[in-house]
Amino acid sequence: MQKIKNIAVIAHVDHGKTTLVDELLQQSGTFASHQQVDERVMDSNDIEKERGITILSKNTAITYGDHKINIIDTPGHADFGGEVERVLKMVDSVLMLVDAQEGVMPQTKFVLKKAIELGHVPVVVINKIDKDGAEPDRVLDEMFDLLVALDANEDQLEFPVLYAAARDGYAKWNLEDENKDMTPLFEAILEHVPYPEGSPDAPTQAQVFTLDSDNFVGRIGIARIFNGKVKKGDEYTLVKADGSKSKSRISKLIGFKGLDRIDIDEAEAGDIVAIAGFSDIDVGDSICDTANPVALDPLHVEEPTLSVIMSVNDGPLAGQEGKHVTSNKIKERLEKEMETNIAMKMEPLGDASFKVSGRGELQIGILAENMRREGFEFLLARPEVVVKEENGVKMEPFEHLVVDVPEEFQGVAIEKLGKRKAEMTSLTPMPDGTVRIEFEIPARGLIGFRSEFLTDTKGEGIMNHSFIEYRPYSGTVVSRTPGALISMDDGEAVAFSLYNLQARGTLFIEPQAKVYNGMVIGESARPGDLEVNPLKGKQLTNMRSAGADDAIKLVPPRVMTLEHAMEWIEDDELIEVTPESIRIRKKYLDPIMRKRAQRDKKNAAR
């Protein structure tokens, strides 16, 4: 029987998970000496590479001595918590990475809580000890306090600790040890990670924890085998979460080695493999022995907390830049996304629009960005939180928010968050001159806050948040103060006109940009919307006058990215997303309709 160890690498965003997995792959001899390998090799899609974050959990396998180690690299961002939750059930222990300077962060708490509930004993790796502001001893104390707070048992409190600098490729048991290589970490995995339970002779039981698809073999389920063996060509029973059963043969069985997928004929208890042949395979489904089908407990994934309405682009410039513009195409693409992404939900609303729900703005923003790159064109409304009703009480999601700000900005951060119904729970001065402030805040209060926060702290503030629970509704939250500058005509913007409009606010467009009636072309310097004409040219006469031909100096426009736009817009505005541009417009393009809608809203509020 093969000796197998299954581990997941978990940590807060940007604490070095993917870099650590890189080094484990390199130093275990998984890559040939002549093989060219990218940096952060596990971040496979374009957006992951551009932003330097992990979005999808991915698995790899390395051979170390006579052991096979299955490693799953997980996302660190709270919006992708659904990926982490289901992965933890598939492994026997976790490598818990913590930054030696930042210490315990919200996502550290979130992922560690899930691991402790499942009974895993974490192998704690204090990473980035080569940083100037690193304080490994303080971080170790924080980790111990966190485990105590999470009701860890005695075994879990006796966790092994290593100190590492994954980027430089070394780990060590004690700070005074020599900086050599990753051998101590491999030893820790072999010594402290338990072998998988389960017997290869028992009836087959495997559970799918993530999905993939292939144009030739269709849907592929990546599964952990808990009992028995899985053989290519044999017939098995697929048990769905609702208890329904179907039989099918395994047409393809795939094993992992490094970054390669290799066809195999058989795998046994404890291993992680990819299985093809079941057309309706889904996350959480069990693959069982046909003679004795015993399903495993279905996976629980927390509900989405944020939703956004996605609809067909009906503006004057619709269909000029995108390939896929119809509601059928958008629906197909969203259905395909829901197949593999179980933390998101989609429901059609009629009138060519769809309600997409997820765990946060970033998750929905990345879906929209992927669709945009694939040639889709659509409209997005302002994100809204998912509100529930329990026993007649209106409930909304609350988040645990941690902000790190330089001391001189702590007042403005506390004041702005106070207006958004945040309650401060702790304030800790940090050794590098910053202050760490913790809050509990309604998720609504965070919509549109990030860009304002970065402006207030001159780009030096860091904010992180994770979902706590649903609590009673906390009343209205302050939203954007400045109004919008709205174009009152269709055509191309003229430099002369934009030059005169600069004094009215911040512009989002440059000369020659296409504009239309009802499109937002900038942010007004005052509250309240303002209708302006960006098409007005200079009045020309046949008389020459001194000083009339001054050079026009335009301030560069504020470029709106998709995330910026989602944070900026109000309830009566939409984002027009196309492969080439991101525009903001009013929901009602006709000014009379806008005024009528505003009047109705005021009357309803009375």
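1. A quick definition before the salt bridges: a residue is called buried under 20% relative accessible area, exposed over 50%, and partly exposed in between. By that yardstick Asp 572 is partly exposed, because its relative accessible area is 32%. Keep in mind throughout that this is a predicted model.

2. Asp 572 has a partner in Lys 586: their side chains meet in a salt bridge, at 3.1 Å from N to O. The two come from distant parts of the chain, with Asp 572 in the loop between α14 and β34 (573-577) and Lys 586 in strand β35, 14 residues apart. Lys 586 itself is buried, with a relative accessible area of 1%. The pair is also part of something wider, as salt bridges with shared partners join Asp 529, Asp 572, Glu 573 and Lys 586 into one network.

3. Strand β35 (residues 582-586) turns up again with Arg 585. Here the salt bridge goes to Asp 314, and the closest N and O atoms are 2.8 Å apart. Asp 314 sits in the loop between β18 (306-312) and α8 (327-340), so to speak a long way off in sequence: the partners are 271 residues apart. The two ends have contrasting surroundings: Arg 585 counts as buried at 2% relative accessibility, while Asp 314 counts as exposed at 55%.

4. One more salt bridge to look at, out of the 28 that the structure holds, is Arg 558 with Glu 523, where the closest N and O atoms are 3.6 Å apart. Arg 558 lies in the loop between β33 (530-532) and α14, and Glu 523 in strand β32 (residues 519-527), so this pair ties together parts that are 35 residues apart in sequence. Arg 558 is partly exposed at 32% relative accessibility, whereas Glu 523 is buried at 14%.

5. On to the aromatics. A search of the whole structure turns up two aromatic pairs. In one, Phe 449 and Phe 453 are tilted, at 5.6 Å centre to centre with 35 degrees between the planes. Both belong to helix α12 (residues 449-456), and because they are four residues apart they are separated by about one helical turn. Phe 449 is buried at a relative accessible area of 1%, and Phe 453 also counts as buried, at 1%.

6. The other pair is Phe 508 with Trp 568: the ring centres are 5.2 Å apart and the planes are at 85 degrees, so the arrangement is edge-to-face. This one links distant parts of the chain, 60 residues apart, with Phe 508 in the loop between β30 (505-507) and β31 (514-515) and Trp 568 in helix α14 (residues 562-568). Phe 508 is buried at 13% relative accessibility, and Trp 568 is buried at 7%.

7. Two lysines are worth a click as well. The charged end of Lys 388 sits over the ring of Tyr 470, 4.3 Å from the ring centre. Lys 394 lies over the face of Tyr 473, at 4.2 Å from its ring centre.

8. Finally, helix α9 (residues 361-373). Its 13 residues should span 18 Å at 1.5 Å a residue, and the end C-alpha atoms are indeed 18 Å apart. Eleven of the 13 residues are buried, so α9 is largely enclosed by the rest of the structure. Charged side chains are on that buried list too, including Glu 361, Glu 369 and Arg 372. After α9 comes Gly 375, with a positive phi near 100 degrees.

Technical notes:
Residues numbered from 1 in each chain as written. Predicted model: local features only at pLDDT ≥ 70, side-chain atom pairs only at ≥ 80, totals over all residues. Heavy atoms only, no water. Phe/Tyr/Trp six-rings, centres within 6.5 Å; stacked < 30°, edge-to-face > 60°. Buried < 20%, exposed > 50% of the residue type's maximum accessible area, 1.4 Å probe, protein only. Lys NZ or Arg CZ within 6 Å of the ring centre and 35° of its normal. Expected span 1.5 Å × (residues − 1). Salt bridge = Lys/Arg side-chain N within 4 Å of Asp/Glu carboxyl O.
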